[in-house]
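Subject: The structure to look at

Hi,

Here is the structure I promised you. Please open it next to this email and follow along as you read.

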Amino acid sequence: MHDEEIQRLISQYLPPEVQAGPPEIRRYSDEILIILEISQPVEEIPRLREQTRRNRMRIAREIEQHSGVPVAWGMRADEHEVLFTTRTVPVMTRLGRAERELLDLLVAVGIADTRSSALAYIARAFAFEHREWIAEARLAVGEMARVRARLQLRPRSGPPVLPPELNDDA
């Protein structure tokens, strides 16, 4: 399902209060994340989340039927973004002694319940501290994906034909 079709469903089923701007649609291999823009303060997100739950679920079911990928939701008010119904996925990583000790310290002082939640805390803290850079990197990655999509590779029979000035045999 294309982004335009998702936007059509949103405009059809969700109230204008959660459509202050076009929805941001982030596609991942295991999930589609839709961020709705609201024009109200961030404190209104819990109310709007509950108010739109039934219709968001309806939209998600339709998207999932077409794409086979689960849908997650979030809302943004100004610079504040709140995600809900997102998947948590186990990630295997190898950490050295110093990194494990840091995670264990965060657990010991009560910042996190587990090493996993301590690692998530560190990732969120990094993302917050470097949010401008991350936004710029996301734009660059998006642009790279757009440029890559323009490359139209076609199967060919035999080696490519090169102009004489690029041919090493000359």
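Let's start with charged residues that join up: Glu24, Arg26, Glu37, Arg76 and Glu81 are linked in a network of salt bridges. Please keep in mind that this is a predicted model. One of the links in the network is between Arg76 and Glu81, whose closest N and O atoms are 2.8 Å apart. Arg76 has 17% relative accessibility, so this residue counts as buried. Its partner Glu81 is partly exposed, because its relative accessible area is 33%.

How many salt bridges does the structure hold? There are 12. As a reminder, side chains of opposite charge can pair when their charged atoms come close.

Another pair to find is Arg47 and Glu17, with 3.4 Å between the closest N and O atoms. Arg47 sits in helix α2 and Glu17 in the loop between α1 and β1, so this salt bridge ties together parts that are 30 residues apart in sequence. Both ends are partly exposed: Arg47 has a relative accessible area of 39%, and Glu17 has 24%.

A third pair is Glu132 with Arg131, where the closest N and O atoms are 3.9 Å apart. Glu132 is exposed, with a relative accessible area of 55%, while Arg131 is partly exposed at 38%.

Now for the nonpolar side. In soluble globular proteins, nonpolar side chains tend to be buried together. Here, the largest nonpolar core has 23 residues, and Ile10, Ile34, Leu36, Ile59, Ile63, Trp73 and Met75 are those with the most contacts inside it. Four elements, α1 (3-13), β2, α2 (45-67) and β3 (71-77), each supply at least two residues of this core. Which of them gives the most? It is α2, with 5 residues.

Ile10 is a good place to zoom in. Leaving out residues up to four places away in sequence, Ile10 touches Gln19, Pro23, Ile34, Leu36, Ile59 and Trp73.

While you are there, have a look at Glu5, which is found in helix α1. Glu5 counts as partly exposed because its relative accessibility is 31%. From C-alpha to C-alpha, Glu5 and Ile63 are 9.1 Å apart in space, although 58 residues separate them in sequence.

Is Glu31 buried or exposed? With 10% relative accessibility, Glu31 counts as buried, since the cut-off for buried is under 20%. You will find Glu31 in the loop between β1 (24-27) and β2 (32-38). Setting aside residues up to four places away in sequence, Glu31 touches Arg26, Val69, Pro70, Ala72, Thr85, Thr86 and Arg87.

Last, the pockets. The largest pocket has a volume of about 2200 Å³. Its lining is made of 41 residues, and Arg26, Tyr28, Leu83, Ala127 and Arg138 lie nearest the centre. By class, 19 of the lining residues are nonpolar, 6 are polar and 16 are charged. β1, β4 (80-84), α3 (97-108), α4 (115-129) and α5 (131-150) each supply at least two residues of this lining. The most comes from α5, with 10 residues.

If you want one residue to trace through the whole picture, try Arg26: it belongs to the salt-bridge network, is touched by Glu31, and is among the residues nearest the centre of the largest pocket.

Enjoy exploring!

Best wishes

How values were computed
Residues numbered from 1 in each chain as written. Predicted model: local features only at pLDDT ≥ 70, side-chain atom pairs only at ≥ 80, totals over all residues. Heavy atoms only, no water. Buried < 20%, exposed > 50% of the residue type's maximum accessible area, 1.4 Å probe, protein only. Contact = heavy atoms within 4.5 Å. Core = buried A, V, L, I, M, F, W, Y, C linked by side-chain atoms within 4.5 Å. 1 Å grid on protein atoms, 1.4 Å probe; cavity = no way out; pocket = protein on both sides within 12 Å on 5 of 7 lines; lining within 4 Å. Points joined across faces, edges and corners; volume = space filled by probe spheres on them. Nonpolar A, V, L, I, M, F, W, Y, C, P; charged D, E, K, R; others polar. Salt bridge = Lys/Arg side-chain N within 4 Å of Asp/Glu carboxyl O.
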